[in-house]
Amino acid sequence: MSEKKVSGKTKNAGARIDKSVEYTSVGEVSGPLIVVENVSGVAYGEVVKIKTSAGEERLGQVLEAGESRAVVQVFEGTRGLDTKGTSVRFTGETMKIGVSEEALGRVFDGTGRAIDGGPEIIPDERREINGEPINPSARQYPRDFIETGISTIDGQNTLVRGQKLPIFSGSGLPHNDLATQIARQAKTKGQAEEFAVVFCAMGITAEEANFFIKDFERTGALERAVLFLNLANDPAIERIITPRMALTTAEYLAFDRGMHVLVILTDMTNYCEALREIAAAREEVPGRRGYPGYMYTDLSSIYERAGRIEGREGSITQMPILTMPDDDITHPIPDLTGYITEGQIVLSRELHRKDIYPPVDVLPCLSRLMKQGIGKGRTREDHDAVSNQLYAAYAEGCDLRDLVAVVGEEALTERDRAFLKFADLFEGRFIKQGHDEDRSIERTLEIGWELLSTIPISELKKIDDKYISKYHPSKAKAEQPAQPHETAPPKAEGEKDSPHETAVAPKKDDGRKKTDSGKKTDSGKKTDSGKKTEPAVKGR
């Protein structure tokens, strides 16, 4: 069925188009879109090859297919296209990418072309970039701990394999530094399984792209990573396919090669801006703040590609990063992302001003799958209790800061001053760490216990006594047995026992003594009988 160019219309309009047919009936060029008239047999999502009047070839995809009209989004932009010298050829295929294990250690642009100077990859197969949805009944519940080496994530908002945990940042905050640190330090604890990182950047500057590449090369993380980089000067429409290409590669490495893959997507705000640009070009009815009403569905088609499948060795874990416009967490992008994903890590501008890195604001952060990925046999038995106690103590310290601004620190009790000091120590020792500091979960919990030792043990109400006696820094001193020579001094001659003397003067070891029941009580506090006792005083 060989046919020539004829004002775009084929002779047998009812048949499926031949791939050799070129349409010259471009009726309109609007933003990133072109409208092709007098077409037939065109399918939604079909790949289109567009040739400019200068002979340059570009890729596009069908966004809307009618009986005789097709709307095509052009990935390389519509600059230089016109309605006279432009020709369009429909390929009859959807957008695909070649996948292979050889992609590890390589750098690609937003459309999947290698840009690191290396040879073209010989793919094992070509796969559609939209992927296939995971059957809900085949999903395996995420339970295995991923160690990132960052205390605020590992200790307070634990990431588990198969989870999707976004980072909510703001313009000017060091989310790129945090992304590269997570990418090079992430690992599965205590297991020798293969671990890979797929790093997808959308709308970044050339300077940021060079930073990512050099950092991965410097630390050796590039050997186990695949990079997809869409630059700010690349067409915005290209950002629609970049995360889908990255996720298709991740699915191949995870479910076909049995690797545990961490996918980092930055910046999802740029992706959503591209969605809004397309919606405006199509003259669609806008939703909140001009974003399309289907943005929730579109984002879910990306985020829901994370997970584990029963009977398969690998897993896909996602950490999308987005910048909140005006630091507004109620903005449609973070708002919808929070509905789809399983928690959030929030970066704080206030902590950043204090020169604290990473500036993670622990209080609004959440990991909904944390409980299943921690505890005995996964991290440590006291992890959950320590995390809850650190959160509660820090929250109280932050509340006291507001109170101090009103009444002054002199009006606080000793207890309140201890919590106020704890909040400062928590930010300076637990949250703050070096850009290359890789803390183990044991070290994170150890720092947590050191900080909790600065507040009275009686305030550790969220931690079981058995964990306090085992892990509290003062446990060794508190449990030290009394030496034979440490006996109570004899009473002075003529001194009689008083019926009110139910307590013995404290020893000089730690100021504590054991009652008949074996519980330790402070001198001058309540005993098991509930009566308040007083220290023994001479002459009474």
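This passage describes the aromatic ring pairs of a predicted model, together with a charged side chain placed over a ring.

A search of the whole structure identified 9 aromatic pairs. One of them joins tyrosine 394 and phenylalanine 426, whose ring centres lie 4.7 Å apart. The planes of these two rings meet at 35 degrees; because planes under 30 degrees apart count as stacked and those over 60 as edge-to-face, the pair is classed as tilted. Tyrosine 394 belongs to helix 10 (residues 383–407), whereas phenylalanine 426 belongs to helix 11 (residues 414–431). The pair therefore ties together parts that are 32 residues apart in sequence.

Both partners of this pair are shielded by the surrounding protein chain according to the accessibility values: tyrosine 394 is buried, with a relative accessible area of 3%, and phenylalanine 426 is buried at 0% relative accessibility. Phenylalanine 426 also pairs with phenylalanine 430, with 4.9 Å between the ring centres. Here the planes lie at 15 degrees, so the pair is stacked. Phenylalanine 426 and phenylalanine 430 are both located in helix 11, where a separation of 4 residues corresponds to about one turn of the helix. Phenylalanine 430, like phenylalanine 426, is buried.

Elsewhere in the sequence, a cluster is formed by Phe199, Phe211, Phe212 and Phe216, which are linked through ring pairs. A contact of another kind involves arginine 276 and tyrosine 291. Arginine 276 lies over the face of the tyrosine 291 ring, at 4.3 Å from the ring centre.

Conventions: Residues are numbered from 1 along each chain as its sequence is written. This is a predicted model: local features need pLDDT of at least 70, side-chain atom pairs count only at pLDDT 80 or more; totals for chains, interfaces and linings use all residues. Side-chain values use heavy atoms; hydrogens and water are left out. Rings of Phe, Tyr and Trp (its six-membered ring) pair if their centres lie within 6.5 Å; planes under 30 degrees apart count as stacked, over 60 as edge-to-face and the rest as tilted. Helices (H or I, at least four residues) and strands (E, at least two) are DSSP runs, numbered from the N terminus. Buried means under 20% relative accessible area, exposed over 50%, partly exposed in between (1.4 Å probe, protein chains only). A charge sits over a ring if NZ of Lys or CZ of Arg is within 6 Å of the ring centre and within 35 degrees of the ring normal.
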